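Grab a pencil and work through these exercises with the structure open beside you. Try each task before you read its solution.

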Amino acid sequence: MPFPQTRLRRLRSHATIRRLVQETHVQLADCMLPLFIRHGTRSFDVSTMPGHKQLCLADLPQEIEHLIQIGIHSVLLFGIPETKDALGLDSYAPDGSIQRAIKIIKKICPNMYVITDVCFCEYTHHGHCGFVDETTEAKAVDNDRTLELLKKQAVSHAQAGADMVAPSGHIDGMVHAIRSALDAHHYQHIPILSYSVKYASAFYGPFRAATEGAPQFGNRKTYQMNPANSGEAIREAELDILEGADIIMVKPAGVYLDVIYRLKQNFPQIPVAAYQVSGEFSMIKAAAEKGWLDEKKVALESLLAIKRAGADFIITYFAREVAHWLQDNTD
Ligand code: PBG
């Protein structure tokens, strides 16, 4: 029945009925917080990402206790090592920055769910996400050699006590390689959250300042996806599922809602995560600082949109704020 019998405004007339018929919700339990872990004895503010720090190990216990207190129970760790080299040695050293961080977190809070980013851009001196033969003119990331290094890194994170690993380098076969390495080392129970659909995006800008991992030459277009493509996203996700990914992810999130939607429609049986990346976060922060946008409203709306598109959960730099905002959620 069309208008005038049908009037959709009827169910919008009162806050209570609006809440009752609300289709999508954002909860703190949907949010995972990324943390940057830094070598050395001092923490530093990340100038491009207000409220975020490069945390040194000494400051980590206090931060973890605070997060548990405000209701954040999962963190995604990125490491910033003291030395970078051709092989990313720190990333699989038993006393590497991430390995030590995991042990510290698990000691003070065994219940904090720790996911580790598994990639090489923060650990190689050239800033690419894998092994590069720098004697060749192409200086391309060597896919299959990188797989061998990824195995070492993932196993090393599991040995240190990580609950889940999240390979983000967009290397062909990475999920299969990591799954077999984990299984061979008796880590069958450790899930893989794969950055299955990761675009070569300019929205990672603020993150590269945070992790000091910008590529020193070239760009990431030979391994990350072309922002123009979404059919290819289905193929990437399909392959990752076949290789054993437990969760597939789309990154960035806000400007790729169509991709999140397509993935969820195509693979309704697999959890889909979305990464609201540094650029998405910092744009809102900057506009709010200028007084041009209402930070709380815009951030919550952006998270809601990501969930509405089909994400089961969101990796977001707003997780701390969400903890604060959702205590007081009227209107
Ligand atoms: C590393 C990695 C990146 C991000 C997550 N893991 C950077 C990149 O690929 O350049 C970006 C996260 C963000 O922007 O918040 N492979």
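Helices here are DSSP runs of H or I with at least four residues, strands are DSSP runs of E with at least two, and both are numbered from the N terminus. With that in hand, threonine 24 can be placed in the loop between helix H1 (15–20) and strand S1 (31–38). Keep in mind that this is a predicted model.

**Exercise 1. Find out whether threonine 24 is buried or exposed, and what it touches.**

Step 1: Look up the cut-off; buried means under 20% relative accessible area.
Step 2: Threonine 24 has a relative accessible area of 15%, so it is buried.
Step 3: Now skip its neighbours within four places in sequence, and you'll find threonine 24 in contact with Leu304, Lys307 and Arg308.

**Exercise 2. Do the same for alanine 140: where does it lie, and how does it count for accessibility?**

Step 1: Alanine 140 sits in the loop between S5 and H4.
Step 2: Its relative accessibility is 40%, and because partly exposed covers the range between 20% and 50%, alanine 140 counts as partly exposed.
Step 3: Beyond its neighbours within four places in sequence, alanine 140 is in contact with Phe131, Val132 and Asp133.
Step 4: For a distance check, go from alanine 140 to glycine 130: they are 10 residues apart in sequence, and their C-alpha atoms are 9.2 Å apart in space.

**Exercise 3. Describe the overall build of the chain.**

Step 1: Count the elements, and you get 11 helices and 10 strands.
Step 2: The radius of gyration is 20 Å, close to the 20 Å that the globule rule gives for 331 residues, so the chain is as compact as a globular protein of that length.
Step 3: Along the principal axes, the C-alpha atoms fill a box of roughly 70 × 45 × 40 Å.
Step 4: As for burial, 54% of the 331 residues count as buried.
Step 5: Finally, take the contacts between residues at least 6 apart in sequence; 75% of these join residues at least 24 apart.

**Exercise 4. Which residues of helix H5 (residues 174–184) are buried, and what do they pack against?**

Step 1: The buried ones are Met174, Val175, Ala177, Ile178, Arg179, Ala181 and Leu182.
Step 2: Here's a handy rule: an α-helix has 3.6 residues a turn, so residues three or four places apart point the same way.
Step 3: The buried residues of H5 pack against three strands and two helices you can find by number: strands S5 (113–118), S6 (164–167) and S7 (193–198), plus helices H4 (143–160) and H7 (231–243).
Step 4: Just past the end of H5, histidine 186 has a positive phi of about 65°.

**Exercise 5. Work out how H9 (residues 278–289) and H10 (residues 295–309) are arranged.**

Step 1: Their axes come within 9 Å and cross at roughly 160°.
Step 2: Angles over 145 degrees count as roughly antiparallel, and H9 and H10 are therefore roughly antiparallel to each other.
Step 3: H9 passes H10 in a right-handed crossing.
Step 4: At the contact, Ile284, Lys285 and Ala288 of H9 meet Glu295, Val298, Ala299 and Ser302 of H10. Sort these residues and you get 4 nonpolar, 1 polar and 2 charged.

**Exercise 6. Now try H7 with H8 (residues 257–266).**

Step 1: These two pack at an angle of about 50°, their axes 10 Å apart.
Step 2: That makes H7 oblique to H8.
Step 3: On the H7 side, Gly231, Ala233, Ile234 and Ala237 meet Val259, Arg262, Leu263 and Asn266 of H8. The tally is 5 nonpolar, 2 polar and 1 charged.

Conventions:
Residues numbered from 1 in each chain as written. Predicted model: local features only at pLDDT ≥ 70, side-chain atom pairs only at ≥ 80, totals over all residues. Heavy atoms only, no water. Buried < 20%, exposed > 50% of the residue type's maximum accessible area, 1.4 Å probe, protein only. Contact = heavy atoms within 4.5 Å. Axes fitted to C-alpha atoms, helices over the stretch in contact; angles between N-to-C directions. Parallel < 35°, antiparallel > 145°, perpendicular 65-115°, else oblique. Left-handed = near helix turned anticlockwise from the far one by under 90°. Nonpolar A, V, L, I, M, F, W, Y, C, P; charged D, E, K, R; others polar. Rg over C-alpha atoms; globule rule 2.2 N^0.38 Å.
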